[in-house]
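Okay, I'll keep this short. Let me put the sequence and the model up, and then I'll talk you through it.

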Amino acid sequence: MNSLAAGAPKAVADRQTTMRVALVELDEVHLDEVAAIEAAASQQPWSRSLFAGELLMPAGERHWLVALVDTELVGFGGMMIVGDEAHLMNIAVRPTRRRSGIAGQLLTQLIADVVERGACHLTLEVRTDNVAALELYRRYDFESAGERKDYYGQGVNAAILWVHDIDQPGYLAGLHRHDDNGENP
């Protein structure tokens, strides 16, 4: 298991700026800031209590990380793991820190971590009007598997995306080519 599972931060140098991003496991002390970022990022935000509930789930079923620059919490992401499939449940970056590679760093580490836990396939739903997120996911080889009509209400559909064989050496070797540029959800 990697150092994140033991609670040690993983520092990642952001190639677009000189800031250092530390990725650490979500903890109760992060919940207020995570909820604030979620409220700023989403038209239908998760509540603080929903994130708190995620912390109560068995570790083998959930995996959440936060991104820190110095002491500032700048983003978060989480996956649900069921058998050999993982589901990206949520990922968001503080609006003032978007387009700096943070979402890519989070996604790269989350994928590597769920592969260590046995995942071979990864899915997610994303708003069909979220162009930045769709571009990010395409860089990670996600492909469309259809849409969920009116998933987000008010006529906004969800694109259902999948990437398979994330446990294969070729996919894993290419992960870090994605996390240094582009747009963040």
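I'll start with the overall fold, then go to one pocket, and finish on a single asparagine.

So, this is a predicted model, keep that in mind. The chain has 185 residues, and 49% of them are buried. Secondary structure comes to 5 helices and 8 strands, and if you read from the N terminus, the order is β-β-α-α-β-β-β-α-β-α-β-β-α. Take the contacts between residues at least 6 apart in sequence: 63% of those join residues at least 24 apart. As for the surface, about 8700 Å² is exposed, with carbon and sulfur atoms supplying 50% of that.

Now the pocket. I picked the second largest one, with a volume of about 160 Å³. Two elements each give two or more residues to its lining, α2 (48-55) and β3 (62-69). The largest share is from β3, with 3 residues. Among the lining residues you'll find Glu25, Leu26, Met57, Trp64 and Arg117. By type, the lining splits into 5 nonpolar, 1 polar and 4 charged.

Last stop, Asn157. Where is it? In the loop between β7 (143-148) and β8 (158-164). And is Asn157 buried or exposed? Its relative accessibility is 15%, so Asn157 counts as buried, the cut-off being under 20%. Its side chain reaches the backbone nitrogen of Asp150 at 2.8 Å. Leaving aside neighbours within four places in sequence, Asn157 also touches a string of others, including Val126, Arg127 and Thr128, plus Glu147, Arg148 and Tyr151.

That's my tour, over to you.

Terms used. Residues numbered from 1 in each chain as written. Predicted model: local features only at pLDDT ≥ 70, side-chain atom pairs only at ≥ 80, totals over all residues. Heavy atoms only, no water. Helix = DSSP H or I, 4+ residues; strand = E, 2+ residues; numbered from the N terminus. Buried < 20%, exposed > 50% of the residue type's maximum accessible area, 1.4 Å probe, protein only. Polar contact = N/O pair within 3.5 Å; in protein donor to acceptor, adjacent residues only side chain to side chain. Contact = heavy atoms within 4.5 Å. 1 Å grid on protein atoms, 1.4 Å probe; cavity = no way out; pocket = protein on both sides within 12 Å on 5 of 7 lines; lining within 4 Å. Points joined across faces, edges and corners; volume = space filled by probe spheres on them. Nonpolar A, V, L, I, M, F, W, Y, C, P; charged D, E, K, R; others polar. Areas by Shrake-Rupley, 256 points an atom, 1.4 Å probe, with all protein chains shown as cover.
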